Amino acid sequence: MKRLNNLYYSKRIKELLAELQTAGTTLVVAPMGYGKTLAVQYFLQEQERCGKRVLRQSIYGAGAEAFWQGVCHSWQNTELGAALLQQSLPADANAKTLVLELFRQLLPQEPVYWFIDDLHLLESSEVIDFLFALSKAGFADLHLLLVSRGQIFDGSRLLELGRKVFCLDKHDLALQRDELAEYSSRCGLQLTSQQLDALHEACEGWFSVTYLNFLNYDRYQRFCLDTGSVYEMIANVLLRPLPSEQQRLLLLMGQPEEFTPEQVAYAYGTSCRESVGRLLECNAFIIRLANGRLRCHHMLKQATRHAFGLLPEAEQQMYFRRLGQWYAQQKEYEEALDWLYRGRDFDGLLAAVQQLRDWSMHPQHRQHLFDWLCECPPEILWQYPQAVLIIMRRMFSLNMVPEMLQVKEWYVTALERNTALSQRERDNYYGELEVILSFLAFNSITGMSEHHRRAYKLLSGAPQTLSKQGIWTFGAPSVLGLYLRTGCSLRQTVEDMQECMPPYYLLSGWHGAGAAELTEAEALLLQGRIDEMDMPLQKAYYQAEKHGQECITICCDFLEMQRNLFRGVYSSKAEAYSRHQWQLQPWKQSMLLNTADMCAGFYYALLGKPEYIPSWLTDGNGQQPSVLYPARPCRNYISAQCLLAQGQYTELLVRWSDWEQECRPYSNFLCLLYLQVQRAAAFAGRGDVTSCRASLKQALAMAEADKLVLPLAQNIALLRPYLEQEAQGECSAAAAAALRLGQQMEAGRGQIMSARFAEAGLQELTEQELQIAQLAAARHTNREIAQRLSLSEGTIKQYLNKIFAKLQIDAAAKNKRHQLERFFSNS
C-alpha cells in the first residue's frame with residue numbers, strides 16, 4: 001500500500017533533534033525544501049506529548065512591526081504577553097534592557113520552546129539584534145528555535161554565543177543514500193538500487209524534490225530528474241493533473257498565509273468540502289498548524305500564486321472580495337482590508353475600517369492608505385465619515401500631513417452629505433476632527449487649545465483620538481524645551497499653559513497632568529530663582545503621580561536634579577536613573593528609559609563626572625536610541641552638554657549645524673539658546689576667543705529679555721572670563737546674573753564632590769600625594785611643603801595638579817585649597 005504522504009525521520013535526524021532539549025538557542029539554516037520546518041515540528045510535537053509548553057510563530061512579511069505583533073500573539077494569555085503588548089520591538093539598548101528585564105521577571109517557571117519560522121523573509125536588522133540579545137541573555141527555561149533559509153547570526157555573533165547556540169544546516173537535514181532507501185520503502189515504493197542511486201545523485205538529499213519524484217513515479221512510473229525548476233515540478237505533479245474544481249481550490253489555498261477548509265469553500269462559492277478534504281489528504285506541501293489552520297509550503301504557495309495571476313482579472317477580484325468578506329465575518333478586520341481593496345469592495349473596506357478604532361496597522365496598509373480613499377467612489381465614501389476619520393488619524397502618525405489635509409475636505413463633505421446622521425453624531429465627528437487638527441498646531445499652546453476647547457463643546461464623551469497612556473512629552477525631559485517658541489515670551493508661555501491645560505485635562509482624562517505647574521517651576525529655574533520653584537515643583541509632582549503621568553514625573557526629577565546642584569545636594573535619583581534602578585515595571589515604556597538617560601547624562605555632565613554619562617548621548621554613529629521627533633531638539637542640547645563635559649569641543653562644533661536645524665521646524669527657542677551657549681563654550685575650550693565672544697553675544701541677546709541665565713551659569717567653568725568682560729557690555733545684567741548663579745552652582749557642585757566623592761578620591765592618592773594633600777589642606781604654601789619634604793616647588797605644583805584631578809577639583813577654580821580642606825573634613 002502506497003503511503004507517499006507519510007513523514008520520515010531517520011535515526012540520525014532524531015538523534016540530532018534530541019540535542020535541541022539542552023540548547024538555549026537552535027539555528028536551523030538550509031535552503032527551501034530540506035524539511036527544516038517539518039523536522040522542528042516533529043521535535044516540538046514530542047515535547048508537547050511530554051507536557052512541555054510550545055509557542056509557534058511564522059514570519060509572513062518583511063516588516064518589524066508585523067514581527068512584533070507575532071511575538072505578542074505567541075505569548076498571549078501569559079503575564080509576559082500582557083507586558084509585551086505595552087512595548088514595541090526594541091530598537092536600541094534601553095529598549096532591549098527593558099524587554100529583556102520583562103523576560104527575566106515574567107517568563108513562566110517551566111521549560112518553554114519558542115519556534116520562529118521563516119526568518120529569511122524579514123528585512124529588519126532590529127529583529128535579528130533583538131533575537132541575538134535574547135539568545136545571549138540565556139534564560140534557563142527558554143529554548144529559542146530559529147529557522148531560516150539564510151544566515152541568521154554572523155560569525156562574530158556565533159562566536160560570542162559559543163555553547164549557547166546549536167546549529168543545524170542542509171548537510172544535517174539532507175537524506176543520505178541509506179535513508180533514501182528506507183524512506184522509499186516506508187512509502188511503499190519498490191525501487192531498484194540503480195534507481196535509488198540515480199535519484200540520490202540528482203536530488204542530493206533534497207527532501208521536497210525527492211517527495212515530488214515519488215509522486216511522479218507513483219503516477220507515471222518514472223522520475224523527473226531533468227526538470228530545471230522545482231516550481232515547474234510542482235505545477236506538473238501537483239496542479240495540472242487535478243480536475244478543474246480542485247485546481248481552483250488549490251489556487252485559493254495558496255493566496256492567504258494561513259487558511260481553513262471553510263474559508264476556501266466560502267471563497268470558491270459553492271459546497272466543495274469533499275474536494276477540499278481530498279486535496280488535504282494527498283498533498284504533503286499543505287501543513288496543519290498548531291492553531292488548527294493550514295498553510296501551504298512556500299514552494300507550493302509561489303507556484304499557486306503564479307498560476308492564480310494568470311486568471312482573468314474579474315475572476316481574481318471576485319475571489320479576493322470573498323476572502324475579504326470571510327475575514328470581516330470572522331471579525332479579523334485588519335486581515336480583511338487588503339483583500340477587500342484588491343477585490344474593489346470599498347463598501348466592505350470602509351465598514352471594516354470603522355471597526356478599527358485602535359488600529360495598529362499592518363505595514364502593507366501604509367502604501368494603500370491614501371489610495372483607498374482616492375479610488376473609492378464618492379457616494380460610498382460619504383456614507384463612512386468615521387472610517388475617514390480613523391484613516392486621517394493614522395495619516396498624522398505617519399507624517400502624511402498634505403494627504404491628511406486633503407482627506408479633511410473629504411471628511412467634511414462626507415459629514416455634510418450623510419443625511420442619516422443625528423446632530424449628536426455629527427457633533428461628535430466634528431469634535432474628533434478638532435482633536436486631530438490640534439496636533440497640526442504643535443507647539444503653539446494657544447493654537448492647540450483652541451481646537452481642544454471646540455472639541456470639548458462638540459463631543460458627548462471622551463475622544464477616541466487621545467489616549468491617557470501616551471507620552472505627553474514625546475520623551476523630552478523639558479516642557480519649555482518643547483513649548484517655548486520665541487524670546488520675550490516666557491511669562492506668556494507659563495500663563496498660556498496654566499490657562500490651556502485645564503480644558504485639555506477635562507478633554508483627555510488628565511493626560512499630561514502636572515504640566516502647567518511644571519512649566520512654572522522650570523521658568524523659575526531658568527531665571528535662577530531657585531528658592532521660588534519649590535512650590536510649583538511639588539504641585540507638579542503631586543498631579544503627575546496622582547494621575548499616573550510618568551513622563552511628567554521624570555521631567556520633575558530633571559528639574560530637581562538641576563536645582564539640587566545649586567544647593568550642594570547629591571541627586572540619588574540621577575544615580576538610580578543611570579543604573580536604570582527606577583521602579584522598573586512591566587507597563588513602563590522603553591522611551592522613558594531614554595528620557596531617564598538624558599536626565600542622568602545632563603546631570604553628570606554638569607557635575608563634572610563624564611564617566612557616568614550614557615554612551616549613546618555622545619556617540620556620533622547614528623545609532624542613538626529612538627525619541628519622537630518633537631523631543632529631538634532637547635536630546636541634542638543634552639548631548640552637546642555631555643560633549644562639553646568630555647572635552648569633545650570639536651565634535652560638538654561639527655554637529656552643531658545639524659542640531660540647530662532640528663530646532664527650526666517647531667521653533668524650540670530654549671533648545672536654540674542652550675545650543676548657542678554650548679557653541680560659545682566649545683569655542684572657549686578650543687581657545688578661539690573671537691568665535692567664543694561672537695557666539696556668547698548672541699546667546700546673551702537671546703537670554704536678556706526673559707532673564708534665561710541658567711544655560712550660561714551651567715557653563716560657567718568655560719565662559720567665566722568672557723562673561724566677566726560682557727558684564728561691562730550691552731547685556732551686562734544677563735552676564736552679571738549668570739556669573740552670580742554660576743558661582744552658586746560651582747559652590748554647590750564643590751560640596752557634592754567633597755561630600756559624595758571624597759572617600760573614593762582620597763583612596764586613589766599615593767602615600768606621597770596624600771601627605772602633600774594634607775599639608776595643602778592645612779593652608780601650607782607650596783614653598784613650605786617643598787621645604788618640609790625636601791622637594792622643589794615645581795614638583796609640589798605638579799603633585800597638586802594630579803591631586804586636584806583625582807579628587808575632581810576644577811583646575812580653573814580659585815578656591816581649590818578650600819575645596820581640598822573640605823575633602824578632608826568630610827572624609
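Before we start, one bit of vocabulary: Ala, Val, Leu, Ile, Met, Phe, Trp, Tyr, Cys and Pro count as nonpolar, Asp, Glu, Lys and Arg as charged, and the others, Gly among them, as polar. We'll use those words in a moment.

Hi everyone, and thanks for coming. What you have in front of you is a predicted model, so please keep that in mind as we go.

Let me begin with the whole protein. There are 827 residues here, and 54% of them count as buried. Along the principal axes, the C-alpha atoms fill a box of roughly 110 × 80 × 45 Å. As for secondary structure, we have 43 helices and 7 strands. Now look at contacts with a separation of 6 or more: residues 24 or more positions apart account for 70% of those.

Next, let's go inside. How many cavities of 30 Å³ or more does the structure hold? There are 3, and I'd like to visit the second largest, with a volume of about 140 Å³. Its lining is made by 14 residues, and the closest to the centre are Tyr8, Tyr9, Gly35, Leu173 and Phe207. Which elements give two or more residues to this lining? They are helix H1, residues 11–18, and helix H2, residues 36–49. And here our vocabulary pays off: the lining of this second largest cavity divides into 10 nonpolar, 2 polar and 2 charged residues. By that sorting, Tyr counts as nonpolar and Gly as polar.

From there, let's move along the chain to a pair of helices. Helix H3 covers residues 64–74 and helix H6 covers residues 125–137; their axes come within 9 Å and cross at roughly 35°. Who meets whom? On the H3 side we find Ala64, Phe67 and Trp68, and they meet Glu126, Val127, Phe130 and Leu131 in H6. Sorted in our three groups, the residues of this contact are 6 nonpolar, no polar and 1 charged.

My last stop is the cysteines. How many disulfides does the structure hold? The count is 0. Take Cys551 as an example: the closest cysteine sulfur belongs to Cys555 and lies 6.5 Å away, which is too far for a bond, because a disulfide needs the two sulfur atoms within 2.5 Å. Is Cys551 buried or exposed? With a relative accessibility of 4%, Cys551 counts as buried. Cys50, on the other hand, is exposed, at 59% relative accessible area.

That's my tour. Thanks for listening, and I'm happy to go back to any part of it.

How values were computed
Residues numbered from 1 in each chain as written. Predicted model: local features only at pLDDT ≥ 70, side-chain atom pairs only at ≥ 80, totals over all residues. Heavy atoms only, no water. Axes fitted to C-alpha atoms, helices over the stretch in contact; angles between N-to-C directions. Helix = DSSP H or I, 4+ residues; strand = E, 2+ residues; numbered from the N terminus. Contact = heavy atoms within 4.5 Å. 1 Å grid on protein atoms, 1.4 Å probe; cavity = no way out; pocket = protein on both sides within 12 Å on 5 of 7 lines; lining within 4 Å. Points joined across faces, edges and corners; volume = space filled by probe spheres on them. Buried < 20%, exposed > 50% of the residue type's maximum accessible area, 1.4 Å probe, protein only.
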